[in-house]
Amino acid sequence: MPDPNGAERLHASAPLASAPVVRRGGRWWLVTGAGSLLATDPVFTGELDRFAAARAAADREVARLRAKHGGAA
């Protein structure tokens with residue numbers, strides 16, 4: 001199952017791991033009940049990219065292991 005928050009998905013808008021950030025149009029946004037704020041700090045957004053990529057890789061590995069073991073968690 002593809003991760004909607006993976007760094008390779010430039011137009012995803014699902015929250016990243018239940019965090020108040022989303023990626024829209026290739027940019028990270030901080031989201032609150034009052035609105036959104038574009039994240040522009042390259043160090044911070046780089047970390048978000050790395051985290052999203054790591055999460056997507058972990059999700060793929062879990063899916064691979066489940067498939068290998070007949071769907072058992």
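Helix α1 is followed by Gly70, a residue whose phi is positive, near 70°. The model described here is a predicted one, and α1 itself covers residues 42–68. Alongside this helix there is an open sheet of 3 strands, arranged in the order β1-β2-β3 with antiparallel pairing, and α1 lies across two of these strands, β1 and β2.

**The helix**

- With 27 residues, α1 reaches 39 Å from its first C-alpha to its last, which is close to the 39 Å expected at 1.5 Å a residue.
- At the start of α1, the backbone nitrogen of Val43 has a side-chain oxygen of Asp41 within 2.9 Å of it.
- The buried residues of α1 are Thr45, Gly46, Leu48, Ala52 and Ala56, and what covers them includes the strands β1 (21–24) and β2 (27–32).

**The sheet as a whole**

- Strands of a sheet pair through backbone hydrogen bonds, and this pairing can be either parallel or antiparallel.
- In this model the 3 strands form an open sheet in the order β1-β2-β3, and their pairing is antiparallel.
- Because β1 and β3 (35–38) stand at the edges, each with a single partner strand, one side of each is left without a neighbour in the sheet.
- Neighbouring strands of this sheet are turned against each other by 35° on average, if direction is ignored.

**Strands β1 and β2**

- β1 and β2 are paired in the antiparallel sense over 4 bridges, and they form a hairpin that has 2 residues between the strands.
- Gly25 lies in the turn of this hairpin and has a positive phi of about 55°.
- Val21 has Leu30 in β2 as its bridge partner, while Arg23 stands opposite Trp28, which also belongs to β2.

**Strands β2 and β3**

- The pairing of β2 with β3 is likewise antiparallel and extends over 4 bridges, and a hairpin joins β2 to β3 through 2 residues.
- Leu30, which is the bridge partner of Val21, has Leu37 as its bridge partner in β3.

**How the helix meets the sheet**

- α1 lies across β1 and β2, and the helix runs at about 95° to β2.
- β1 and β2 are also among the elements that cover the buried residues of α1, a set that includes Leu48 and Ala52.

Technical notes: Residues are numbered from 1 along each chain as its sequence is written. This is a predicted model: local features need pLDDT of at least 70, side-chain atom pairs count only at pLDDT 80 or more; totals for chains, interfaces and linings use all residues. Side-chain values use heavy atoms; hydrogens and water are left out. The expected span of a helix is 1.5 Å times one less than its number of residues. Buried means under 20% relative accessible area, exposed over 50%, partly exposed in between (1.4 Å probe, protein chains only). Contact means heavy atoms within 4.5 Å. A polar contact is a pair of N or O atoms within 3.5 Å; within protein, one must be able to donate a hydrogen and the other to accept it, and residues adjacent in sequence count only if both atoms are side-chain atoms. Two strands pair if DSSP finds at least two bridges between them. Axes are lines fitted to C-alpha atoms, for helices over the stretch in contact, and angles run from 0 to 180 degrees between N-to-C directions.
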